[in-house]
Amino acid sequence: MRLRTALACAAGSLALIVTLPTSASAATGSFQYAYTDPDGTRQEASLTDPASGQCVNLPEVTERPAYAPKNRTDATAIVFLDPDCEGDTYYVMNPGKVLSDRLKLRSVVFS
């Protein structure tokens, strides 16, 4: 009787594990950037473990673009000057890449 109960528990556990949804893939690490607030002060911000394949509009950069991105994730980041990861102005940043204040961006997508 105990063997039957143990087997039933094991089968139930296996069924539960198989049916659990998998988590979405994400870049591991942080993507850092700077922006200028309405008072003209330089601020730093970051995205931690961003989702892969989803465009992220940087929330602080509606008026002026962000700058000085640092890709401290394990994924490639494609940064765009325009929102919604659109437009002809973009730059591909490999993992670990740090760029200067001259590069401007408003959105990013990770692969």
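Trainee: In this predicted model, does Ser-107 count as buried or exposed?
Mentor: The relative accessibility of Ser-107 is 0%, and the cut-off for the covered class is under 20% relative accessible area. Because 0% falls under that cut-off, Ser-107, which is found in strand S8 (residues 107-110), counts as buried.

Trainee: How many Å lie between Ser-107 and Phe-80, C-alpha to C-alpha?
Mentor: Along the sequence, Ser-107 and Phe-80 are 27 residues apart. In space, with the separation taken from C-alpha to C-alpha, the value for Ser-107 and Phe-80 is 5.3 Å.

Trainee: In what order do the four strands of the open sheet stand?
Mentor: Strand S1 (residues 29-36) runs antiparallel to strand S2 (residues 42-48), and seven bridges join the two. On the next pairing, S1 and S4 are antiparallel over five bridges, and S4 in turn pairs with S7 in the antiparallel sense over two bridges. Read across the open sheet, the order is S2-S1-S4-S7.

Trainee: Which strands are the edge strands of that sheet?
Mentor: In the order S2-S1-S4-S7 the pairing is antiparallel, and an edge strand is one that pairs on one side only. That description fits strand S7 (104-105) and, at the other end of the order, S2.

Trainee: Which residue of S4 stands opposite Phe-31?
Mentor: The register can be followed pair by pair, beginning with S1 and S2, where Ala-34 stands opposite Glu-44 and Thr-36 has Arg-42 as its bridge partner. Between S4 and S7, Ala-66 stands opposite Leu-105. For Phe-31, the residue opposite in S4 is Asn-71.

Trainee: Which residue in the hairpin of S1 and S2 takes a positive phi?
Mentor: This hairpin has five residues between its strands. The residue there with a positive phi, near 90°, is Gly-40.

Trainee: What is the phi of Ala-68, and how covered is the strand that holds this residue?
Mentor: Ala-68 lies in strand S4, and this strand (residues 66-73) is mostly covered, with six of its eight residues buried. Ala-68 itself counts as buried, at 7% relative accessibility. Most residues other than glycine have a negative phi. Ala-68 departs from that pattern, since its phi is positive, near 55°.

Trainee: Is Cys-85 buried or exposed?
Mentor: Cys-85 is found in the loop between S5 and S6, and its phi is positive, near 55°, in a residue other than glycine. Its relative accessible area is 17%, and because the cut-off is under 20%, Cys-85 is buried.

Trainee: What is the relative accessible area of Glu-86?
Mentor: The place of Glu-86 is in the loop between strand S5 (77-80) and strand S6 (90-93), the loop in which Cys-85 is also found. Whereas Cys-85 is buried, Glu-86 is exposed, a class that needs over 50%, and its relative accessible area is 51%.

Trainee: Which residues form the negative surface patch?
Mentor: Glu-86, already described as exposed, is one of the members of this patch. Together with Glu-86, the negative surface patch is formed by Asp-82, Asp-84 and Asp-88.

Definitions and conventions
Residues are numbered from 1 along each chain as its sequence is written. This is a predicted model: local features need pLDDT of at least 70, side-chain atom pairs count only at pLDDT 80 or more; totals for chains, interfaces and linings use all residues. Side-chain values use heavy atoms; hydrogens and water are left out. Patches are made of residues with over 30% relative accessible area and no salt bridge: like charges are joined within 9 Å, nonpolar side chains (Val, Leu, Ile, Met, Phe, Trp, Tyr) within 5 Å. Accessible areas come from the Shrake-Rupley method with a 1.4 Å probe; for residues, only the protein chains shown count as cover. A salt bridge is a side-chain nitrogen of Lys or Arg within 4 Å of a carboxyl oxygen of Asp or Glu. Lys and Arg count as positive and Asp and Glu as negative; His and the chain ends are not counted. The place of a charge is taken as NZ of Lys, CZ of Arg, CG of Asp or CD of Glu. Buried means under 20% relative accessible area, exposed over 50%, partly exposed in between (1.4 Å probe, protein chains only). Two strands pair if DSSP finds at least two bridges between them.
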